[in-house]
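Hi,

Here is the structure I promised to pass on. Have a look at it first, and then read on for what turned up.

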Amino acid sequence: MTPEPPGAVLAQRRHTAAQDPWFVRWTLITLALGVIGLLIVIPVVNVFANAFADGPRAYLANLLDDKDTRHAILLTLTVAPAAVTANIVFGVAAAWAIARFRFPGRTLLVTLIDVPFSVSPVVAGLIFVLLFGLQGFFGPWLRDHGFKIIFATPGLILVTAFVTLPFVARELIPVLEAQGSDEEVAAVSLGASGWQMFWRVTLPNVKWGLLYGVILCNARAMGEFGAVYVVSGHIAGQTDTMPLRVEKLFQEYNLPGSFAVASVLTSLALVTLVLKVHLERRARHELAEAAQAAPTRVGGTP
């Protein structure tokens with residue numbers, strides 16, 4: 001009987017040592033699936049089951065026949081895109097400055113970007129009330145010039161942009177740092193303007209990170225409750241977004257209407273999850289293709 005090569009024996013021992021016993025693996029898998037089912041699958045199924053409990057016609061009536069619910073949906077679809085747009089502009093600019101330059105206050109800027117993660121949304125809403133309310137720091141000037149921030153759409157956009165501020169910047173900073181600036185320097189040296197360099201070099205290199213950040217930012221903006229609750233005044237038909245509308249319908253014991261609006265938010269969350277998984281797969285696929293093409297380019301073969 002021919003003995004196995006020492007290298008094969010060593011590889012087999014390493015594989016065996018790195019693999020847990022079958023009962024450990026299946027126990028952990030069962031526990032993970034049980035937690036996911038208890039905390040995610042069952043609540044999601046329950047939302048849709050209660051939303052459609054009286055049939056599809058009643059479901060659509062709960063969403064479309066109630067003018068306050070319609071306004072809440074339209075307001076959410078106004079506030080979230082506005083906040084996401086503001087965060088795209090800020091996130092790209094902040095990530096560019098942090099990844100490409102070294103300047104006094106850089107560490108402070110990175111720290112400030114993370115502030116919304118460490119501050120309660122309710123506290124954030126209170127801060128904006130103290131700044132832009134009638135008795136706030138800017139309140140008298142805003143009142144004298146006819147501007148209304150608190151208890152109006154601008155206030156909702158401001159607080160939503162605040163609580164979602166880190167997502168785009170935090171996704172782009174590591175991507176820009178990993179990409180480096182060699183391609184951008186080469187583009188500028190060949191005569192490209194700043195905008196040409198951004199649109200044709202920088203943006204294509206960071207597109208997946210940007211889209212990933214936008215998706216997370218939008219999901220957070222759609223479901224924001226605490227900060228919006230404080231600055232909105234909870235006025236039905238005027239400043240209620242979908243999360244606030246769900247809470248109000250539930251307090252009014254209108255469970256079918258509450259679950260109907262909640263199902264819309266849940267559907268948006270599921271769509272966000274599908275897009276997130278799709279983008280991750282596309283990004284991995286492109287990285288794999290780039291890794292396969294790299295040796296070919298280095299070796300000089302076509």
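One thing before the details: this is a predicted model. Let me start with a residue that is easy to overlook. Glutamate 224 is buried, with a relative accessible area of 3%. Its partner is arginine 220: the two form a salt bridge, and their closest N and O atoms are 2.3 Å apart. Arginine 220 itself is partly exposed, at a relative accessible area of 28%.

That pair is not alone, as the count comes to six salt bridges. Two others are worth finding on your screen.

Take arginine 100 and glutamate 184, which form a salt bridge with the closest N and O atoms 2.8 Å apart. This pair links distant parts of the chain, with arginine 100 in helix H4 (residues 67-100), glutamate 184 in helix H11 (residues 182-189), and the two positions 84 residues apart. Are these partners buried or exposed? Arginine 100 has a relative accessible area of 19%, so it counts as buried, the cut-off being under 20%. Glutamate 184 is buried as well, with a value of 7%.

The other one joins arginine 170 and aspartate 114, where the closest N and O atoms are 2.7 Å apart. Here too the pair links distant parts of the chain: arginine 170 belongs to helix H10 (residues 166-179), while aspartate 114 lies in the loop between helix H5 (106-113) and helix H6 (115-118), 56 residues apart. Arginine 170 is partly exposed, with a relative accessible area of 31%. Aspartate 114 is partly exposed too, at 25%.

Now for the helices. H7 (residues 121-132) has 12 residues and reaches 16 Å from its first C-alpha to its last, close to the 16 Å expected at 1.5 Å a residue. Which of its residues are buried? In H7 they are Ala124, Gly125 and Phe128. They cover an arc of only 100° around the axis, which puts them on the same side of H7. The general background is that an α-helix has 3.6 residues a turn, so residues three or four places apart point the same way. As for what covers the buried residues of H7, that includes helix H9 (153-163) and helix H13 (226-232).

H9 is a good next stop. Its buried residues are Gly155, Leu156, Val159, Thr160, Ala161 and Val163. They pack against H4, H6, H7, H10, helix H12 (194-223) and H13. You have already met H4 as the helix that holds arginine 100, and H10 as the helix of arginine 170.

Further along, have a look at threonine 272 in helix H15 (residues 255-299). Threonine 272 is buried, with a relative accessible area of 13%. What does threonine 272 touch, leaving aside residues up to four places away in sequence? Its contacts are Ile215 and Ala219.

Finally, something on the outside. Val35, Ile36, Leu38, Leu39, Ile40, Val41, Ile42 and Val45 make a nonpolar surface patch of about 760 Å². Isoleucine 36, one of the patch residues, is found in helix H2 (residues 22-51). Isoleucine 36 is partly exposed, with a relative accessible area of 41%.

If you want a place to begin, try the link from arginine 100 in H4 to glutamate 184 in H11, then go over to the patch that includes Ile36.

Cheers

Key
Residues numbered from 1 in each chain as written. Predicted model: local features only at pLDDT ≥ 70, side-chain atom pairs only at ≥ 80, totals over all residues. Heavy atoms only, no water. Salt bridge = Lys/Arg side-chain N within 4 Å of Asp/Glu carboxyl O. Helix = DSSP H or I, 4+ residues; strand = E, 2+ residues; numbered from the N terminus. Buried < 20%, exposed > 50% of the residue type's maximum accessible area, 1.4 Å probe, protein only. Patch = residues over 30% accessible without salt bridge, like charges linked within 9 Å, V, L, I, M, F, W, Y side chains within 5 Å. Areas by Shrake-Rupley, 256 points an atom, 1.4 Å probe, with all protein chains shown as cover. Expected span 1.5 Å × (residues − 1). Arc of directions from axis to C-beta. Contact = heavy atoms within 4.5 Å.
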